[in-house]
Amino acid sequence: MAPSPGAPAVAVERVSKAFRLPTERVHTLKERALHPFRRSGFEEFVALDEVSFDVAHGEFLGVVGRNGSGKSTLLKCMAGIYRVDHGDIYVDGRLSAFIELGVGFNPDLPARDNVLINGTMLGLSPREARRRFDSVIDFAELREFEHLKIKNYSSGMLVRLAFAVMIHVDAEILLVDEVLAVGDAAFQQKCFDEFYRLREQNRTVILVTHDMSAVERFCDRAVLLERGTLVRDGSAHDVGLEYLEVNFGRPAGAAADEEGEEPERSGDGRAAIASAWFEDEHGNAASMLPMGRPCAFAARVRFAADVTDPVFSFGLENADRANVLAASTQWTEPRTGTFAAGDEVVFRVRFENVLRPGRYDATSAVALRGSGAAWLDRRERLCSVVVSGTQASDALVQLPYETAIDRSPAPSEVVS
Amino acid sequence: MSAGTRVEPSPVPTERPRGQRIVGPAAIGVDARRFLNLTRTLAQTEFKLRFFGSALGYLWQLMRPLLLFGVLYVVFTQVLRFESNAEFYPVALLAGIVMFVFLSESTGTAVTSLVDRENLVRKVQFPRLVVPLSVVLTALMNLALNLVVVIVFLLASGGSVRLGWLELPLLMALLALFAASLSTLLSALYVRYRDVRPVWEVLLQMLFYGTPIFYTLDVIPNETLQRLLLVNPLAVIIQQFRHAVIDPSHPSAVEAAGGWLLLLAPAAILVGLAVWGYRYFDREAPRVAEDL
């Protein structure tokens, strides 16, 4: 198809799609015969509601949303697997959808046959698919296993083979659904390197995912779907923030409001933590903190009475309610000074964000000096923050480290 | 787009350059070459898989009709002392079996094919009709190999190469059309009604006995019944095959039916099934991925 000048790679115009969910499915003729007059009732489930957006050529778009938000349905509509109920989708260029890697793979056949099947399914002619086999198998680094039935492949090898086919089908527009989640970090990196290369050739990539860090790192733009409607279309960063807020239930971060009812609050009231928030490395309030960057916790404290040398403290706990950080002025500055009634101060804790991605809740307190538990005010989980990152490690924290491999022993180790 | 539910707001008011419109899944789609490529690739793969992992490979595929042939031959000629005046009865029997096995294999597999291929149907955009037709094509490959055996058997029994063999491609094309129409219809029906399969299995059994496969038409004493049997397209094809390919002593389909007029019935069935099958499938195709 000839590219029409000025046409967007993909134009989605007021697309709606509903599924009929039968309340009582008539599956057999007998049931039909026994209940000829029963209307098989169904409920309409609106998966997409008037969704519109354009994707420019060469753009890397992220489609994000929670489970059931309609993002996969949207992808399947764009791919032509589902027929839309209303609206139109226009595609300028050859489009390939990768809802799943290795569609049509047959475990009992060797790589060559599977590349042929998969490539043909994805739009190559059998001859083209055969011709590209060598380059596919080399990209997948599976030359030595070429003749093995793929049921004997490891899952990593399968993913490599499938991905190799996928990037060899010459699609100008790629629709990718979550498929990269299966590989390890190195493989994912390779995938994204490949996407970048494609993008340089003015190809378009549309990535459906709920991995926000991937979206922020790779996408130019993102759209956020929520219950079938497009709620946000903007920069990957903005959409990412909004998604995290939606996804982690209560609004993460910013300020906990002053009048908020916090059940876990104790203290004699001589001081009050009015609000608390997190800041990124530039000192801006943030609800999401990138891993591996400096950041800060801040709390606004108002004094209702004269207090000398109070202790300010701050604790951070992860989603499993385990403490990952406990900071207190008791150790850093035992003499915090005298505060008069009516004073308002901001207490800040700066730290290097070595936490693994996830949500964290902050607890902050002001106490009398020495006693330890004579709270002036203590608010548990008064605000929360989401740490984003791509590090796929299960370590609780990722401490800064360096690695070294010494091939020749250092002189000091040479035993004389 | 379900027809009727949508008022076409022809040219959208804000006209702007756009690419190709995505219309969603269809039975055949716009790209005929892709349709053929896919059908062929799927059929070849399936064919290959049959022989993978078994030492004797193709021989097993051959054994099925041959074993059935052996059993029927012994039962009817030795045990029941069935007398046929027809020439080359064993060859006629084998030919009938081979054609019936083709029909039963293609339709029997096609019934569940859309559901069996669920993974493809739900995850890739491709013309849906590829699924049942590739099944028919695989069976057709088997048929071609089995026909070679029939021909060898015929020559070995003293038959000769005749001009009538030229009818072979036409007859096989008709048989393939019959099988494809049924397969198309059954596969789409099965998505909605799961008891299509057992019903079809019973119908196939009836078809086996209601078609001159292990008997020849001349053993039926009643001429009306003979003609009635020829309403069945499979019977017409087998009968004509025996006349044209095996030996002219078998009456041709026209002779057996007592004239062209009566052959209009099987022709109508053949065309009717093809049209009905295609239209039903075409109507269901856009929603198959959702209904599975």
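A residue is called buried here if 20 or more other C-beta atoms lie within 10 Å of its own, with the C-beta atoms placed from the backbone. By that criterion, 40% of the 416 residues of chain A count as buried in this model, which is a predicted one. Chain A is built from 10 helices and 20 strands, and among its contacts with a separation of 6 or more, 72% are accounted for by residues 24 or more positions apart.

A good place to enter chain A is an open sheet of 6 strands, whose order is β5-β6-β7-β3-β8-β9 and whose pairing is mixed. The edges of this sheet are formed by β5 (95-98) and β9 (229-235) of chain A, and because each of these has a single partner strand, one side of each is left without a neighbour in the sheet. Neighbouring strands are turned against each other by 15 degrees on average when direction is ignored. Within the sheet, strand β6 (residues 173-177) of chain A and strand β7 (residues 204-208) of chain A run parallel and are joined by 5 bridges; in one of these, A:I173 has A:T204 of β7(A) as its bridge partner. Helix α2(A) lies across β3 (60-65), β5, β6, β7 and β8 (221-226) of chain A, and its direction makes an angle of about 150 degrees with β6(A).

From this sheet the reader can turn to the nonpolar core. The largest nonpolar core has 188 residues, and the members that touch the most others in it are A:L175 and A:I206. The greatest contribution to this core comes from helix α3 (residues 89-111) of chain B, which gives 15 residues. If its neighbours within four places in sequence are left aside, A:L175 is in contact with A:L75, A:M78, A:A79, A:L95, A:A97, A:F98 and A:I206.

Another part of chain A to follow is strand β20 (residues 375-388), which is largely enclosed by the rest of the structure, because 11 of its 14 residues are buried. Strand β19 (residues 358-367) of chain A runs antiparallel to β20(A) and is joined to it by 9 bridges, with A:Y360 bridged to A:V385 in β20(A). Strand β10 (residues 265-266) of chain A is also antiparallel to β20(A), through 2 bridges, and here A:R265 has A:R379 as its bridge partner. Strand β12 (residues 288-290) of chain A, by contrast, runs parallel to β20(A) and is joined to it by 3 bridges, one of which links A:P290 with A:S388.

What remains is the meeting of the two chains, where 39 residues of chain A are in contact with 30 residues of chain B. On the side of chain A that touches chain B, at least two residues are supplied by each of β1 (10-22), α1 (29-34), α2 (71-79), β4 (86-91) and α3 (111-121) of chain A. The residues on this side of chain A comprise 21 nonpolar, 11 polar and 7 charged ones. Strand pairing also crosses from one chain to the other, since β4(A) pairs with strand β1 (residues 20-21) of chain B in the antiparallel sense over 2 bridges, and A:V91 has B:Q20 of β1(B) as its bridge partner.

Technical notes:
Residues are numbered from 1 along each chain as its sequence is written. Chains are lettered from A and ligands numbered from 1 in the order in which they are written. This is a predicted model: local features need pLDDT of at least 70, side-chain atom pairs count only at pLDDT 80 or more; totals for chains, interfaces and linings use all residues. A nonpolar core is a set of buried Ala, Val, Leu, Ile, Met, Phe, Trp, Tyr and Cys residues joined through C-beta atoms within 7 Å. A residue is buried if 20 or more other C-beta atoms lie within 10 Å of its own, exposed if 12 or fewer, and partly exposed in between; C-beta atoms are placed from the backbone. Helices (H or I, at least four residues) and strands (E, at least two) are DSSP runs, numbered from the N terminus. Two residues are in contact if their C-beta atoms, placed from the backbone, lie within 7 Å. Ala, Val, Leu, Ile, Met, Phe, Trp, Tyr, Cys and Pro count as nonpolar, Asp, Glu, Lys and Arg as charged, and the others, Gly among them, as polar. Two strands pair if DSSP finds at least two bridges between them. Axes are lines fitted to C-alpha atoms, for helices over the stretch in contact, and angles run from 0 to 180 degrees between N-to-C directions.
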